[in-house]
Amino acid sequence: MLRDDELAARIESDFETAGVSVRRLSMLRYAVKLTRTPWLMIEDDVVAMRDAGHSDTDILHITEVVGYYAYANRIADGLNVELESWIYGV
């Protein structure tokens with residue numbers, strides 16, 4: 001869990017330069033690639049996660065969360081679900 005608002009803002013702005021650990025950086029890179037270009041995922045992506053200290057269980061859980069959010073967002077988009085105003089910062 002992240003309890004540092006300044007770090008969260010840096011991650012949101014640019015996680016590559018936010019000053020996070022190698023372990024967390026590998027997770028973020030994996031999540032972005034899986035979200036944006038899932039067809040490009042290769043075994044080396046999993047190896048990089050292991051090399052950064054993630055267990056196979058960690059990798060499974062990260063993949064499940066990324067996959068769930070992709071699924072839920074596509075369902076919401078497909079049904080034209082209106083987002084809560086707090087999501088836009090209104």
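The exercises below work through the helix packing of a predicted model, each with a stepwise solution.

**Exercise 1. Describe the overall make-up of the protein chain.**

*Solution.* Begin with the secondary structure: the protein chain holds four helices and zero strands, and from the N terminus on its elements run α-α-α-α. Next take the extent of the C-alpha trace, which spans about 40 × 30 × 20 Å along its principal axes. Then turn to burial, where 21% of the 90 residues count as buried. Finally, consider the contacts between residues at least 6 apart in sequence, of which 31% join residues at least 24 apart.

**Exercise 2. Determine how α2 is oriented to α3 and which residues make the contact.**

*Solution.* Start from the geometry: the axes of α2 and α3 come within 9 Å and cross at roughly 160°. Because angles over 145 degrees count as roughly antiparallel, α2 is roughly antiparallel to α3. The handedness of this crossing is left-handed. On the α2 side the residues are S26, M27, Y30 and K33, and they meet D45, V46, A48 and M49 of α3. Sorted by class, this contact of α2 with α3 comprises five nonpolar residues, one polar residue and two charged residues.

**Exercise 3. Determine how α3 is oriented to α4, and classify the residues of the contact.**

*Solution.* Helix α3 covers residues 43–51 and helix α4 residues 56–78, and the two pack at an angle of about 125° with their axes 9 Å apart. The angle lies neither over 145 degrees nor within 65 to 115 degrees, and α3 and α4 are therefore oblique to each other. In this case α3 passes α4 in a right-handed crossing. The contact is formed by V46, M49 and R50 from α3 together with D56, I59 and I62 from α4. By class, the residues of the contact of α3 with α4 are four nonpolar, no polar and two charged.

**Exercise 4. Carry out the analysis for α2 and α4.**

*Solution.* The axes of α2 and α4 lie 10 Å apart, and the packing angle is about 40°. Since roughly parallel requires an angle under 35 degrees, α2 is oblique to α4. The crossing in which α2 passes α4 is right-handed. From α2, the residues R23, M27, Y30, A31, L34 and T35 meet D58, I59, I62, T63 and V66 of α4. The contact of α2 with α4 divides by class into seven nonpolar, two polar and two charged residues.

**Exercise 5. Place S26 in the structure, and say whether S26 is buried or exposed.**

*Solution.* First locate the residue: S26 belongs to helix α2, which covers residues 22–36. Its relative accessibility is 12%, and because the cut-off for burial is under 20%, S26 counts as buried. Then list its partners, which, with neighbours within four places in sequence left aside, are A48, M49, A52 and H54. With one of these, H54, the side chain of S26 makes a polar contact to the side chain at 3.1 Å.

**Exercise 6. Place A52 in the structure, and identify the residues that A52 touches.**

*Solution.* A52 sits in the loop between α3 and α4. Its relative accessible area of 16% makes A52 buried. Leaving out residues up to four places away in sequence, A52 touches V22, R23 and S26. For R23, the separation from A52 is 29 residues in sequence, whereas the C-alpha to C-alpha distance is 4.9 Å.

Methods
Residues are numbered from 1 along each chain as its sequence is written. This is a predicted model: local features need pLDDT of at least 70, side-chain atom pairs count only at pLDDT 80 or more; totals for chains, interfaces and linings use all residues. Side-chain values use heavy atoms; hydrogens and water are left out. Buried means under 20% relative accessible area, exposed over 50%, partly exposed in between (1.4 Å probe, protein chains only). A polar contact is a pair of N or O atoms within 3.5 Å; within protein, one must be able to donate a hydrogen and the other to accept it, and residues adjacent in sequence count only if both atoms are side-chain atoms. Contact means heavy atoms within 4.5 Å. Axes are lines fitted to C-alpha atoms, for helices over the stretch in contact, and angles run from 0 to 180 degrees between N-to-C directions. A crossing is left-handed if the near helix is turned anticlockwise from the far one by less than a right angle, and right-handed if clockwise. Ala, Val, Leu, Ile, Met, Phe, Trp, Tyr, Cys and Pro count as nonpolar, Asp, Glu, Lys and Arg as charged, and the others, Gly among them, as polar.
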